[in-house]
Amino acid sequence: MSDGALTIVDGTQLRAADLTVVAAEDNADLMTGAKVLELAESRASSALFGLSLPQTLKSSALQSINLNDEDDVVSFRQTHLSSDQASLKLNHYLTAIADQLKDDPLVISILDGNILRLFLDDEDDFAMIAEDLFTDLDAEDKGKISKNEIRNALVHMGVEMGVPPFSEFPLLNDILRKHGAEGEEELGQAQFAQLLQPVLQELAEVLAEKPIVVIQNIKVINGSKLKKLLDGEKELYNIVDKIWEEKHGGKDGLASVELIRGFLERNGTGLGLPPSEANEAVVLLYDAVFADVKDGKIAVEVEKDELGKLVKEILNKFAELLEANPVFHDTNH
């Protein structure tokens, strides 16, 4: 699903992909493991908007087909598999990626030049953007900046304004060089805008021909990881044990609900909750969950099994609300 210029990659796209292997693709009855891995990455990338798979996803997928280290991978690449065997490996590989994305979705931007064209086609919008960039870059307030500041202007614009990072789109260097946006020659504001415009125009054209996918530093908390925790009693018992220890380790005067909230605010990220300090949406989430649990519902003196029931009730409420309204937070802040 998409959210404005952002797209959430949560595995649903991958589950709809073709998970079969046809041996005829190689005109042979058997396929090598190397070919299977190549097909797996190709189909995953194709289903996920051309995204290059992060290494963490690849590692998880390889482990799903029992390739736990580099030696395993090397050996598998040389193995020959029937079409049915290859299809099964492909299925496991792609399903593992989809499962991990369900628990920990990626947020991506697909840069295809559209954002750039929007303000390039509007003279007033472009003039305002160029003026703001010039002002930000003219740190000494001289009314002049060097040509090579065009590079920093593109960095300032960033993905939000349709400009990919230099690290992921080195062709930007060629575009700057082509338009002479290098060196120490100083430019006034009008000259800066005149040089910036063709750079952005060519960038928009290049992206229109070959869009680039950029992974954003945004975490999506959707309750999936928390629901897995609730399905496994052992981990839930461990949480209750830790809260029980806190209760009898100097925090005995706190009501059970206060004790649980404090524990989750400090340790919730490891359980599948968003950081309590992430943003206002998280504060509202906590307030909504604990508003349903009155402080007087469970007294200060409480048995361990009653505490466990209350913890489970609270975590279930978090999971329900997060599934209905996932929380997003910028991992850079």
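# Exercises on a predicted model

Lys58 is partly exposed, having a relative accessible area of 21%. The exercises below start from this residue, and they all concern a predicted model.

**Exercise 1.** Find which side chain Lys58 meets in a salt bridge, and work out which parts of the chain the pair ties together.

*Solution.* Begin with the partner: the side chain of Lys58 meets that of Glu41 in a salt bridge, with a distance of 3.6 Å from N to O, which falls within the 4 Å that the rule allows. Next, place both residues: Glu41 belongs to helix α2 (residues 33-47) and Lys58 to helix α3 (residues 55-64), so the salt bridge ties together parts that are 17 residues apart in sequence. Finally, consider the surroundings of Glu41, which at 32% relative accessibility counts as partly exposed. Side chains of opposite charge can pair when their charged atoms come close.

**Exercise 2.** Determine where Lys219 and Asp104 lie and how many residues separate them along the chain.

*Solution.* First, establish the contact: the side chains of Lys219 and Asp104 form a salt bridge, at 3.1 Å from N to O. Then locate the two ends, for Lys219 is in strand β9 (residues 218-221), while Asp104 sits in the loop between α5 (83-103) and β5 (106-111), and the pair thereby links distant parts of the chain, 115 residues apart. As a last step, classify each residue: Lys219 is partly exposed at 30% relative accessibility, and Asp104 is partly exposed with a relative accessible area of 31%.

**Exercise 3.** Describe the salt bridge of Asp241 with Lys304, and then state how many salt bridges the rule counts.

*Solution.* Start with the distance, since the closest N and O atoms of Asp241 and Lys304 are 2.5 Å apart. Asp241 lies in helix α12 (residues 233-247) and Lys304 in helix α15 (residues 304-324), so this pair ties together parts that are 63 residues apart in sequence. Both ends can then be classified, with Asp241 partly exposed at a relative accessible area of 28% and Lys304 partly exposed at 36%. The count comes to 15 salt bridges, and a network of salt bridges links Asp174, Arg177 and Glu182.

**Exercise 4.** Analyse how helices α8 and α10 pack, and identify which kinds of residue make up their contact.

*Solution.* Take the geometry first: helix α8 (residues 149-157) and helix α10 (residues 189-209) pack at an angle of about 60°, and their axes are 11 Å apart. The crossing of α8 and α10 is right-handed. Now list the residues, where Ile150, Ala153, Leu154 and Met157 from α8 meet Phe192, Leu195, Leu196, Val199 and Leu200 from α10. Sorting the residues of this contact gives nine nonpolar, no polar and no charged.

**Exercise 5.** Locate Asp141 and Asn66, and decide whether each is buried or exposed.

*Solution.* Asp141 is found in the loop between α7 (123-137) and β6 (145-146), and its phi is positive, about 55°, although Asp141 is not a glycine. At 67% relative accessibility Asp141 counts as exposed, because the cut-off for that class is over 50%. Asn66, in turn, has its place in the loop between α3 and α4 (70-77), has a positive phi near 65°, and is exposed with a relative accessible area of 58%. As background for Asp141, an unreviewed UniProt entry lists residues 125-160 as "domain: EF-hand", and this span is 61% helix and 6% strand.

Methods
Residues numbered from 1 in each chain as written. Predicted model: local features only at pLDDT ≥ 70, side-chain atom pairs only at ≥ 80, totals over all residues. Heavy atoms only, no water. UniProt positions renumbered as here; feature names shortened; annotations may be inferred. Helix = DSSP H or I, 4+ residues; strand = E, 2+ residues; numbered from the N terminus. Axes fitted to C-alpha atoms, helices over the stretch in contact; angles between N-to-C directions. Left-handed = near helix turned anticlockwise from the far one by under 90°. Contact = heavy atoms within 4.5 Å. Nonpolar A, V, L, I, M, F, W, Y, C, P; charged D, E, K, R; others polar. Buried < 20%, exposed > 50% of the residue type's maximum accessible area, 1.4 Å probe, protein only.
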